[in-house]
Amino acid sequence: MNQRFHYLAALLIASLIYAPTASATPLPSPAASPGQPAALTCEYLVRPLGIDAAHPRLSWKLDDARNGALQTAYQLHVATDSLMLGKKDVWNTGRVVGSAIQSSYNGQPLQPFTKYYWSVTLWDQHGQPTRTVVSSFETGMMDQQHWKGSWISDHPNINLKPAGSFRKVFNASKPIASARAYLAVAGLYELYINGQRIGNHRLDPMYTRFDRRTLYVTYDVTPQLQAGKNAIGVLLGNGWYNLQSTAVWDFHKAPWRNRPAFCLDLRITYTDGSTATITSDESWKTSLSPVVFNSIYTAEHYDARNEQPGWNTTQFNDSAWKNVYYRTAPSNHIVAQALPPVEQVETIPTQTLHTFNDTDYVFDLGRNIAGVSQLTVDGPAGTVVRLKHGERLYANGHVDLSNIDVHYRPTDNTDPFQTDIYTLSGKGPETFMPRFNYKGFQYVEITADHPLQLKKEDLTAYFMHSNVPVTGHINTSDTMINKLWWATNNSYLSNLFGYPTDCPQREKNGWTGDAHIASETGLYNFDGITVYEKWMADHRDEQQPNGVLPSIVPTNGWGYEWGNGPDWTSTIAIIPWNIYLFYGDHKLLSDCYDNIKRYVDHITEISPSGLTTWGLGDWVPVKSKSPVTFTSSCYYFADVTILAKTAKLLGKNEDYAHYTALAAYIKNAFNTKYLNPATGMYADGFQTELSAALYWGLTPDSLKAKVAANLHQRVVSDNFHLDVGLLGTKSILNALSENGYALDAYKIAAQRDFPSWGWWIQNGATTLQENWPLDAASDISRNHIMFGEIGAWLYKGVAGIFPDEKAPGFKNILLRPHFVNGLDHFEASHEGPYGTITSSWKRVGSGVSYTITIPASSSATISLEPAPGQQVYEQGKAMGANFRKPAGTYVFEIK
């Protein structure tokens, strides 16, 4: 009775909150069929294997396209048997009133190595239940004490170049019901069972601070096992764990560095319910492999003459192989890898082939990617083939590496940069693709020490990256803007390998500034929460006790003394805050709260005036460089503001009061030093200075219009071209479009000549560049994400899709489109936690037709800007320009 009362009360409240305006489309009758639960995830993954979370987050959406669609209650059941859901649960929420679309498991303690089924039933706005939908998740180790295997390796010499192969044969004595392989590795690996490679992951496990946190991966290997004898094979690569290449960051001196090692538990459940675990131990055998050298930084060398066919099968004679030896675990913290894997996501065929002669060929992919190339070749045994990968060509047509090898410091000529070396076996057509490396490239130059006959089809490339689900789409009437959006996403993905990087060739480092600048671009376009949660754990691993973070994460120790500071390492605050805004999930803010606090407190300690000189500044500016104190103090203020808001969110009232006061102190100090209140001018009036003060909220409300007008005048005087560096690209377009000058912002975004994003596109770029001039003397990588805010701005500044801080996770959507001159139509969609959000407009005569889609259980606050003399109409009825709508699809005419 009491539950029914609360349910009816919730319906009444919902009807008031979502009450339609007089001109809204009528809601369907209660007789209409309800929607259904969809997109069920556990820890933001679909049916994950091997999770360690004690209270995993279970999420869903209401798939219901009806106008006014609203979830008014939900019920979850969790059980170890799908047939026992609702009968023998380990957790039953009961009917929970409300529109929440996520619930953290809070039932009986989860057991390791256990598959759990969970169901969700929803009730719609008319009190009608949906059909029940079932999904599953499976726990992994849950605790390190459950590991049975030992850490083993093949050799103590960290400078030994060939990769190690490992094998073991065991007997499955009874019929197998299921089997899981749990594999933790210091380095990289490929896993085989009975000669078959397991899974399609590349470069597992993800890079971490190896001596502080080690990741393990879980595989379902039931299909690969057989009755009787089985063989397990493991091939180990160096990765960042044992980097043998030398560059300015000294990763070859990393404190964790050692010969790769692994720990494996293969847990078999037989049909009679009994279990057996095959483990890594001293019974394994090892041998050096045909991978004679591998470097995640440079390339991979392979000698096919050293192949041992069948080495990972039961029939192989391993009498010549050696015994393994035990090793200590690389860290005391071994946890599940819970994020989308790196995969070969897209196949890129060669577009053109240039033949210099029968020993020298250049393959052109037609676009810049991160990944690997695969070559099929036929030639005599011992023929040495070199595959040099680069982003550009010399005038003579040969591959030019000079823009990307500038930080490499080779000690000899045996490890050429981005150049795989393959030695043929001579046994007919053979195919080579590196296992433990990736590169950034568009061109591959093949050279050989014996003549080869190659054709265009002999080389194929694979675009590799963390395979995060796509959540965004842009389509406009301006083909250059479409290409720019596509190129921005290419750069974002090219720099996502379990952590965000700066470039896929020259560095592969997790530069913090690049990442927080581009984080909204990533979140509008891709479901990247798991990658960012992993990377924030890397931040927590790297933070010094005094709160200082390095400029690259992870790091071997480089970056604590240069390149860090609020303008770069604000990642620790900005990224968790953006995750909260986009997902409505405050777990990452909670996990990082103490880290943000220590970081902010350190800045405060060294900056008693309220202004900080700590930072790198507006990197790679067009011409005008703002003072470091100006830009770093903006980020200091942003971090303190985020910390204060987070304190309030988490109920830390004393901290909320303290950091709110600190933010006011910084703002006052900043404006005292830099703002002329009479003129509304900041500092020297550069684009970065005026826009950053506006964007980060330092400008007093009473002066925003004056400062924005000054920014407008500055942009006009710059002929609607950029005059900013990295930090300015984050603020310039947003400050304009959010303060009455959206057309200015669009004119900058749509420029075709130097300096602009469009200048790159007009010159054939398929990824974003590192510098505005194409012929700059330095900083000239052709695949950098640091200028990638343009990708997010298209969603914000033109489509007008914003999360609402008061109802985050797009529970309420802010729709503030700008119908800018120069475009005939613009469509953006974003798949948020509640479903697909669409903001689409097109010109119709002198007016505009604007279509929106608001997903079920969410709402939108819409702010439109009719031209002078025009009004907003819905279904022929005039309405105001500012209003709220419940879920559904609506069409408005502005005329």
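How many cavities of 30 Å³ or more does the structure hold? There are seven of them, and they make one stop on this tour of what is a predicted model.

**The domains.** Begin by colouring the chain by its domain assignment, which gives domain 1 (43-139), domain 2 (144-338), domain 3 (343-466), domain 4 (472-796) and domain 5 (825-894). If you then keep domain 2 and domain 5 in view together, their centres, taken over C-alpha atoms, are separated by 54 Å.

**The sheet of six strands.** Select residues 164-172, which are strand S10, together with residues 285-288, which are strand S18; these two pair in the antiparallel sense over four bridges, and Gly164 can be found opposite Leu288 in S18. Both strands belong to an open, antiparallel sheet of six strands, whose order is S13-S12-S15-S10-S18-S21. Follow that order outwards to S13 (196-197) and S21 (322-323), which stand at the edges with a single partner strand each, so that one side of each has no neighbour in the sheet.

**The largest cavity.** Next, show Leu188, Leu203, Pro205, Tyr207 and Trp240, which are the closest to the centre of the largest cavity among the 16 residues that line it. The space inside amounts to about 140 Å³, and the lining is made up of 13 nonpolar residues and three polar ones, with no charged residue.

**The annotated span.** Now select residues 471-798, which an unreviewed UniProt entry annotates as "domain: Alpha-L-rhamnosidase six-hairpin glycosidase". This span is 56% helix and 3% strand, and its end C-alpha atoms lie 18 Å apart.

**A buried helix.** Within reach of the same selection is helix H10, residues 687-695, where nine of the nine residues are buried, so the helix is largely enclosed by the rest of the structure. Polar and charged names appear in the list as well as nonpolar ones, and the buried residues include Gln687, Glu689, Leu690 and Tyr695. After H10 comes Gly697, which has a positive phi, near 85°.

**Three strands to finish.** Finally, select strand S34 (residues 472-476) and strand S39 (residues 825-832), which pair in the antiparallel sense over five bridges. Which residue of S39 stands opposite Gly472? That residue is His830, and it also stands opposite Ile837 in S40. Strand S40 covers residues 835-844 and pairs with S39 in the antiparallel sense over eight bridges, while a hairpin of two residues joins S39 to S40.

Note on methods:
Residues are numbered from 1 along each chain as its sequence is written. This is a predicted model: local features need pLDDT of at least 70, side-chain atom pairs count only at pLDDT 80 or more; totals for chains, interfaces and linings use all residues. Side-chain values use heavy atoms; hydrogens and water are left out. UniProt positions are given in the numbering used here, feature names are shortened, and annotations may be inferred rather than shown by experiment. On a 1 Å grid over the protein atoms alone, a cavity is a set of points where a 1.4 Å probe fits but cannot get out, and a pocket is an open set with protein on both sides within 12 Å along at least five of seven lines; lining residues have an atom within 4 Å of a point. Grid points are joined across faces, edges and corners, and a volume is the space filled by probe spheres set on the points. Two strands pair if DSSP finds at least two bridges between them. Domain bounds come from an automatic or database domain assignment. Buried means under 20% relative accessible area, exposed over 50%, partly exposed in between (1.4 Å probe, protein chains only).
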